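Grab your viewer and work through these three exercises at your own pace. Each one sets a task and then walks through a solution.

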Amino acid sequence: MSAAAGASAAVEGETVGRAATDRPVLALDIGGTKLAAGVVDPAGRIASFLVEPTHSAEGPERTLERLFALGRKAVSESDVDWSEIGGGGIGCGGPLDAERGILIAPPHLPGWRDVPVGALAAREFERPVTLENDATAAAAGEHAWGAGAGTRNMVYLTISTGVGGGVVIGGRLYRGSTGNGGELGHVTVDWRGRACRGCGRRGCLEAYVSGTSIAERAREAGLGVVTATDVAAAAGSGDPVATAVWDETVEALACGLTSIVNLFEPELVVLGGGVSRAGDRLLAPVRTAVRADAMRPAGETVRIVTSAFGDRVGVAGAAAIVYARAARG
Ligand SMILES: [Zn+2]
């Protein structure tokens, strides 16, 4: 870590440049379990896509070395020449300092503190590199080219190991003061409720509907299941305990989304992340509940859909933020 920190002083200025908006970008995504890399062009076409395990316990230097190698491989496996790549984008869970390209202390990467990932990537690739919160980036990707294309007001919610959010208001990405806004997973659904691992408070949406929390609640209820997918499958085959756990998941998600819909009155809510792959088992009852509970007219007009990019939303998003940042100037 000290070498990585030392490198920041030398190369920090390199992230200041803006990528060209008419060239493909190298997009990288740092998840708690998976690293992803791809080449994405200004029309949102994903020319290559590669994934490998994160192994974050190896520490930032070793993991970033593998991430950068994965990025180079993604370029060589695409039909885009390295000289055509205009810049890089990186999506990662916060907290982070998007302007300076620094990961502050992401809970999904234990032991990573103040890692200047933007500067390190800019030095590695000799191009400007943009860092953004991964859920904010995913919102940008869905808004630019995916389920939210053409919308003015849109909310993206990723439901996976944790729960993250991204918000588009008036056609523009809302980022907060330092790029840490839109943490919709920490909307409170029960202020005396379950402990939230992500932020330390109680009763956050994340503490009920993240994949981790669904599996945890199922085990507490006596089910011998491992993942949220197991719970959804057992509920689907009529297991009464799994059904109760799944119903609670639906209620918690509908409760959180109702507050979010009341807050933003979005035209569209896009759900991504592994848990959203449960599809209509999750979406159908959530749509009904939000429509019934949200204030009028917001609840009646909002559409709730799943991500258009699916597993590739992290890479699409990491590219979209490069173009969004370049356009912002
Ligand atoms: Zn929380």
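**Exercise 1. Find the protein donors of the zinc ion and work out the geometry of the site.**

Solution. Keep in mind that you're looking at a predicted model.

Step 1: collect the donor atoms. His-186 gives its ND1, while Cys-196, Cys-199 and Cys-204 each give an SG. These atoms lie 2.0 to 2.3 Å from the zinc ion.

Step 2: check the angles. Among the 4 donor atoms they run from 103 to 117°. Four donors count as tetrahedral if all angles lie between 85 and 135 degrees, so this site gets that label.

Step 3: write down the spacing. Along the sequence, the donor residues follow H-x9-C-x2-C-x4-C.

Step 4: look at exposure. Cys-196 and Cys-204 are both buried, which means under 20% relative accessible area.

**Exercise 2. Work out how strand 2 pairs with strand 1 and strand 3, and how covered strand 2 is.**

Solution. Start with strand 2 itself, residues 34–40.

Step 1: take the strand 1 side. Strand 1 covers residues 25–30, and 6 bridges tie it to strand 2 in an antiparallel arrangement. For a concrete pair, pick Leu-26, whose bridge partner in strand 2 is Val-39. The two strands make a hairpin, with 3 residues between them.

Step 2: now the strand 3 side. Strand 3 spans residues 46–53 and also runs antiparallel to strand 2, joined by 7 bridges. Here you can check that Leu-35 sits opposite Glu-52 of strand 3.

Step 3: inspect the turn. Strand 2 and strand 3 form a hairpin too, this time with 5 residues between them. In that turn, Gly-44 has a positive phi of about 85°.

Step 4: count the covered residues. Of the 7 residues in strand 2, 6 are buried, so by the under 20% cut-off the strand is mostly covered.

**Exercise 3. Locate the largest cavity and describe what lines it.**

Solution. Rolling a probe the size of a water molecule over the atoms shows where empty space is left.

Step 1: count and size. The structure holds 1 cavity of 30 Å³ or more, and the largest cavity has about 30 Å³ of space.

Step 2: list the lining. You should find Arg-287, Val-290, Arg-291, Gly-299, Val-302 and Ile-304.

Step 3: assign the lining to an element. Helix 9, residues 280–293, gives the most, with 3 residues.

Step 4: sort by class. The lining comes out as 3 nonpolar, 1 polar and 2 charged residues. Gly-299 is in that lining, and since Gly counts as polar, that's where the polar entry comes from.

Notes
Residues numbered from 1 in each chain as written. Predicted model: local features only at pLDDT ≥ 70, side-chain atom pairs only at ≥ 80, totals over all residues. Heavy atoms only, no water. Donors = N, O, S within 2.8 Å, 3.2 Å for Na, K, Ca; no water. Tetrahedral: all angles 85-135°; square planar, octahedral: opposite > 155°, others 65-115°. Buried < 20%, exposed > 50% of the residue type's maximum accessible area, 1.4 Å probe, protein only. 1 Å grid on protein atoms, 1.4 Å probe; cavity = no way out; pocket = protein on both sides within 12 Å on 5 of 7 lines; lining within 4 Å. Points joined across faces, edges and corners; volume = space filled by probe spheres on them. Helix = DSSP H or I, 4+ residues; strand = E, 2+ residues; numbered from the N terminus. Pairing = 2+ DSSP bridges.
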